Amino acid sequence: MNDPHILSAFDRDLEGIQALIMKMGGLVEVAISDATKALETRDVELAEQVRKNDAAIDALEEQVNIEAARVIAIRAPAASDLRTILTVMKLAGNLERVGDYAKNLGKRTSALVQMPVIEGAPGALRRMGRQVENMLHDALDAFVQGDVELAIDVRDRDEEVDQMYNALFREFLTFMMEDPRNISACMHLHFIAKNIERMGDHATSIAEQVIYNVTGEIPDEERPKGDNTSYTFETME
Amino acid sequence: MKDIQLENRAVTDEKTKIAANNVNVYYGDTRAIKDVNIDIKSRTVTAFIGPSGCGKSTFLRCLNRMNDTIDSCRVEGRILLDNEDIYDTKVDPVQLRAKVGMVFQKPNPFPKSIYDNVAYGPRIHGLASKKADLDGIVEDSLRKAALWDEVKDRLQAPGTGLSGGQQQRLCIARAIATSPEVLLMDEPCSALDPIATAQVEELIDGLRTNFSVVIVTHSMQQAARVSQQTAFFHLGNLVELGDTDHVFTNPTDPRTESYITGRIG
Ligand SMILES: Nc1ncnc2c1ncn2[C@@H]1O[C@H](COP(=O)(O)OP(=O)(O)O)[C@@H](O)[C@H]1O
Ligand SMILES: [Mg+2]
């Protein structure tokens with residue numbers, strides 16, 4: 001539906017909200033990339049910066065919600081317009097959560113620099129972060145382009161993130177069993193891995209919302225799930 | 001766990017009240033309605049929406065043969081009310097209109113008392129023999145039209161002295177006084193202010209426990225608020241008929257989408 005509205009102010013409203021979402025997306029991508037970079041390079045200053053920047057993401061979410069409420073009240077959107085408004089509100093919520101995880105990552109980095117280095121883990125987490133960042137970027141592209149194919153692709157890629165998480169989880173277990181002095185650092189790193197994995201879930205949720213926005217149908221097909229750490233716990237006993 | 005549901009807006013009665021098959025309507029040589037097929041369900045509010053001139057009123061008037069009164073107008077096809085052809089030669093259009101009542105855009109009370117406006121139909125159809133019965137019908141109809149409390153102390157006052165919204169509810173009371181099974185409404189709120197509109201909408205929602213209601217409306221929001229089924233007409237065609245919730249969240253036809261989102265189709 002790319003025809004303009006008869007009331008052109010309606011188009012300007014929708015474009016304005018979409019611009020807010022893209023701005024939010026940009027900030028969140030930077031937050032992921034900076035947070036994982038700070039982790040790998042043990043850069044406390046950058047980690048602190050990520051924590052501070054989260055306020056801007058929160059403010060944008062609020063702005064999206066205010067604008068969306070205004071459009072609902074004034075324009076009474078229907079059909080694809082209604083779905084777009086529901087979608088931007090959902091997307092803003094997802095992006096805000098991802099921002100929170102990045103902020104949490106910054107906090108943990110500040111703590112981790114006091115602890116022994118766990119060889120290889122920060123690099124692996126940064127790669128995982130990059131994967132999630134790309135998913136998020138593509139999910140937002142899919143939103144702007146109304147590209148269902150790309151959204152489905154993003155959704156499928158979440159399995160790789162889950163697998164990265166599983167691999168790291170096992171690695172942390174090994175490190176902790178080898179030397180109990182690694183436990184504190186590994187616990188922090190494990191939370192970070194889990195949080196990045198959750199970021200992937202939010203990117204997936206955005207992709208699914210994009211599919212709904214375009215087609216009007218909520219994708220119900222079970223998406224591939226690669227997280228089998230609960231199984232790992234069972235086999236350990 | 002107990003199911004928590006939003007107010008049930010779905011169609012409650014799947015039974016077909018009116019079935020229209022291959023209906024074509026001509027004004028002289030011009031075809032205003034093109035091969036329309038539609039089932040109107042009982043105890044359901046069906047909204048007709050579409051741009052001006054797309055044929056909503058023309059089609060609505062077919063359902064109680066109001067088009068018979070327009071000389072140039074010719075109706076082809078079959079329209080069944082409870083499986084009986086309303087265009088059959090045996091059918092008396094006046095009797096039909098008692099069963100299929102109509103409310104128009106502009107409130108048009110007769111220049112008579114409030115009481116006589118409502119009593120008019122039951123009188124000519126001989127629905128009440130005793131004064132007490134007629135009083136009962138008048139009160140009941142005014143109550144159903146949510147007007148009783150406002151007029152019960154001045155039933156002999158002229159109907160034309162009421163406010164616009166009250167006049168429209170009086171016309172609804174008049175239409176339901178003959179115990180119709182179907183109520184046709186052609187833009188019943190277009191001359192009313194928002195409060196009177198809300199009152200009429202509330203009334204329509206209540207009416208569907210007893211009647212099938214078909215409402216033509218220019219207001220998409222009104223269609224979305226009051227109906228369970230929505231039919232979208234365009235250039236004399238019935239483009240889409242479906243559950244209102246579906247039509248307003250995810251219409252099937254791109255023409256419907258363009259219209260309800262206010263785009264240039
Ligand atoms: N009495 C009439 N004589 C000739 N043409 C008519 C008459 N009534 C309606 N029309 C034409 O039929 C078409 C459908 O009109 P109408 O049913 O009033 O549309 P709507 O109610 O959707 O606005 C229009 O093109 C209109 O000009
Ligand atoms: Mg009309």
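Is Val247(B) buried or exposed? Val247(B) counts as buried, at 1% relative accessibility. The close-ups below come from a predicted model.

**View 1. Val247(B) in helix 9 of chain B.**
Helix 9 spans residues 244-249, and Val247(B) is found there. Its relative accessibility is 1%, so Val247(B) is classed as buried. Phe110(B) serves as a distance marker for this view. The two C-alpha atoms are separated by 38 Å. Along the chain, Val247(B) and Phe110(B) are 137 residues apart.

**View 2. The shell around ligand 1 in chain B.**
Several residues surround ligand 1, including Tyr27(B), Ala32(B), Arg61(B) and Ile70(B). The list also includes Pro51(B), Ser52(B), Gly53(B), Cys54(B), Gly55(B), Lys56(B), Ser57(B) and Thr58(B). Which element gives the largest share of this shell? Helix 1 of chain B does, with 4 residues. That helix covers residues 56-62. By class, the shell holds 5 nonpolar, 5 polar and 2 charged residues.

**View 3. Oxygen atoms of ligand 1 and their polar partners.**
Gly53(B) places a polar backbone atom 2.7 Å from an oxygen atom of ligand 1. For Gly55(B), a backbone N or O atom lies 3.0 Å from a ligand 1 oxygen. Thr58(B) uses its side chain instead: a polar atom there is 2.4 Å from an oxygen atom of ligand 1. How much of the accessible area of ligand 1 does the protein cover? On its own, ligand 1 has 560 Å² of accessible area, and the protein covers 59% of that.

**View 4. Arginine over ring, twice in chain B.**
The charged end of Arg74(B) sits over the ring of Tyr26(B). Its distance from the ring centre is 4.4 Å. In the other pair, the ring belongs to Phe110(B). Over that ring sits the charged end of Arg174(B), 4.2 Å from the centre.

**View 5. An aromatic cluster in chain B.**
Which residues make up this aromatic cluster? Phe48(B), Phe59(B) and Phe233(B) form it together. Over all chains, the count of aromatic pairs comes to 6.

**View 6. His234(B) in strand 9 of chain B.**
Strand 9 runs over residues 229-234, and His234(B) lies in it. The relative accessible area of His234(B) is 23%, so this residue is partly exposed. The cut-off for buried is under 20%. Ile204(B) is 30 residues away along the chain. Between the C-alpha atoms of His234(B) and Ile204(B), the separation is 25 Å.

**View 7. Positive phi at Asn22(B) and Asp82(B).**
Most residues other than glycine have a negative phi. Asn22(B) is not a glycine, yet has a positive phi of about 45°. Asn22(B) lies in strand 1 of chain B, residues 16-27. With 45% relative accessibility, Asn22(B) counts as partly exposed. Asp82(B) is not a glycine either, and its positive phi is about 50°. Where does Asp82(B) lie? Its place is the loop between strand 4 (73-81) and strand 5 (84-85) of chain B. At 35% relative accessibility, Asp82(B) counts as partly exposed.

**View 8. Ala185(A) and Asp201(A) in helix 6 of chain A.**
Helix 6 extends over residues 183-215, and Ala185(A) has its place there. Ala185(A) counts as buried because its relative accessibility is 0%. Ala111(A) is 74 residues away along the chain. The C-alpha atoms of Ala185(A) and Ala111(A) are separated by 8.6 Å. Asp201(A) is found in helix 6 of chain A. With a relative accessible area of 13%, Asp201(A) is buried. Its side chain makes a polar contact of 2.8 Å with the side chain of Arg198(A).

**View 9. Thr87(A) in helix 3 of chain A.**
Thr87(A) lies in helix 3, residues 79-112. The relative accessibility of Thr87(A) is 0%, so this residue counts as buried. Phe143(A) is 56 residues away along the chain. The C-alpha atoms of Thr87(A) and Phe143(A) are separated by 9.1 Å.

Key
Residues are numbered from 1 along each chain as its sequence is written. Chains are lettered from A and ligands numbered from 1 in the order in which they are written. This is a predicted model: local features need pLDDT of at least 70, side-chain atom pairs count only at pLDDT 80 or more; totals for chains, interfaces and linings use all residues. Side-chain values use heavy atoms; hydrogens and water are left out. Rings of Phe, Tyr and Trp (its six-membered ring) pair if their centres lie within 6.5 Å; planes under 30 degrees apart count as stacked, over 60 as edge-to-face and the rest as tilted. A charge sits over a ring if NZ of Lys or CZ of Arg is within 6 Å of the ring centre and within 35 degrees of the ring normal. A residue is near a molecule or strand if one of its heavy atoms lies within 4 Å of it. A polar contact is a pair of N or O atoms within 3.5 Å; within protein, one must be able to donate a hydrogen and the other to accept it, and residues adjacent in sequence count only if both atoms are side-chain atoms. Accessible areas come from the Shrake-Rupley method with a 1.4 Å probe; for residues, only the protein chains shown count as cover. Helices (H or I, at least four residues) and strands (E, at least two) are DSSP runs, numbered from the N terminus. Ala, Val, Leu, Ile, Met, Phe, Trp, Tyr, Cys and Pro count as nonpolar, Asp, Glu, Lys and Arg as charged, and the others, Gly among them, as polar. Buried means under 20% relative accessible area, exposed over 50%, partly exposed in between (1.4 Å probe, protein chains only).
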